[in-house]
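Trainee: I have a new structure open and don't know where to start. Can you walk me through it?

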Amino acid sequence: SGDLIVNAAGSLVNLAQDVTYFPSGCRESECIQNYSGQGEVQIDQMFVRFSLRSDILWSDGIQLTADDSVYSFEIAHNLYPRVRADLLAHTVSYQAVDSLMVEWGGVPGYLDPGYAGFFFTPLPRHAWSLFPAQELLSSELANRTPIGWGPYLIDEWVAGDHISLNRNPNYFRAKEGLPKFDHLVYRFMSDGEQALAALQAGECDFVDETARLDAYRDQVLTLQNAGAL
């Protein structure tokens, strides 16, 4: 009595007299039970284990571990409780089983087929735990030059102008010849007209769809038909 469960209607409630629930081993409406208010009941509880690859390094050379995913869960819980509010509310535990396996545990009665999405994308505990969680919101280290395990490293970020990236030598797919480019520059444009002008001038090789070139569709088609794009 008093324990948090998901009742037969799918709501989070504390077990109390007349609360309806699915007993262990059954999810059909015919077997829904009413709690008498006394004694214990058996309700199914979901646990999900996620295994990490052993060959993934952070861009600074430190191995990525299950504890980094736990750290991500802690940050989500402390700083962004509304981002994945429903998942956080239905989570009773999120812990590292070993260095490469993390386990999510749910509220009894919560059985969701979308459990593959319950994994929290790792964050670098070894680099960021030196700061109180609230300081991460304004930290240059976390917001301007965050480390990751992807194909590129942030070399320079000039606000409102560009971000320069270099190949990450510790990328776990480097032996496959990836990434294909050694260096990338993302430029920020104020509007589609400026982006199109930069493309024509050879200042950009590619214009992303977020540049919103829809308003310049006729101009783009004319340039394309003329072989200028």
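Mentor: We'll go from the overall picture to the sheets and then to some single residues. Keep in mind that this is a predicted model.

Trainee: Fine. How many helices and strands are there in the protein?

Mentor: The protein has 6 helices and 10 strands.

Trainee: And what does the C-alpha trace span along its principal axes?

Mentor: About 80 × 45 × 35 Å. The radius of gyration is 25 Å, whereas a compact globule of 229 residues would have one near 17 Å.

Trainee: What share of the residues is buried?

Mentor: Buried residues account for 32% of the 229.

Trainee: On to the sheets. In what order do β5, β6 and β7 come?

Mentor: The order is β5-β7-β6, in an open sheet of 3 strands with antiparallel pairing. β5 (47-51) and β6 (91-98) are its edge strands, and each of them pairs on one side only. Neighbouring strands in this sheet are turned against each other by 20 degrees on average, ignoring direction.

Trainee: How many bridges join β5 to β7?

Mentor: There are 5 bridges between β5 and β7 (residues 101-106), and the two strands run antiparallel. As one bridge to look up, Phe50 has Val102 in β7 as its partner.

Trainee: What about the sheet with β8, β9 and β10, what's the pairing there?

Mentor: Antiparallel, in an open sheet of 3 strands ordered β8-β9-β10. β8 (152-158) and β10 (183-187) are at the edges with a single partner strand each, so one side of each has no neighbour in the sheet. The average turn between neighbouring strands of this sheet is 20 degrees, direction ignored.

Trainee: Which residue in β10 is the bridge partner of Ser164?

Mentor: Val185. In total, 5 bridges join β9 (residues 162-167) to β10.

Trainee: Asn168 has caught my eye. Where does it lie, and is it buried or exposed?

Mentor: Asn168 lies in the loop between β9 and β10. Asn168 counts as buried because its relative accessibility is 1%, and the cut-off for buried is under 20%.

Trainee: How far apart are Asn168 and Ile154?

Mentor: In sequence, 14 residues; in space, 9.2 Å from C-alpha to C-alpha.

Trainee: Let's switch to the surface. Which residues form a nonpolar patch there?

Mentor: Tyr80, Val83 and Leu137 form one, with about 310 Å² of accessible area together. Tyr80 sits in the loop between α1 (66-79) and α2 (85-89).

Trainee: Why is Tyr80 classed as partly exposed?

Mentor: Because its relative accessible area is 42%, and partly exposed covers values between the 20% and 50% cut-offs.

Conventions: Residues numbered from 1 in each chain as written. Predicted model: local features only at pLDDT ≥ 70, side-chain atom pairs only at ≥ 80, totals over all residues. Heavy atoms only, no water. Pairing = 2+ DSSP bridges. Helix = DSSP H or I, 4+ residues; strand = E, 2+ residues; numbered from the N terminus. Axes fitted to C-alpha atoms, helices over the stretch in contact; angles between N-to-C directions. Patch = residues over 30% accessible without salt bridge, like charges linked within 9 Å, V, L, I, M, F, W, Y side chains within 5 Å. Areas by Shrake-Rupley, 256 points an atom, 1.4 Å probe, with all protein chains shown as cover. Salt bridge = Lys/Arg side-chain N within 4 Å of Asp/Glu carboxyl O. Buried < 20%, exposed > 50% of the residue type's maximum accessible area, 1.4 Å probe, protein only. Rg over C-alpha atoms; globule rule 2.2 N^0.38 Å.
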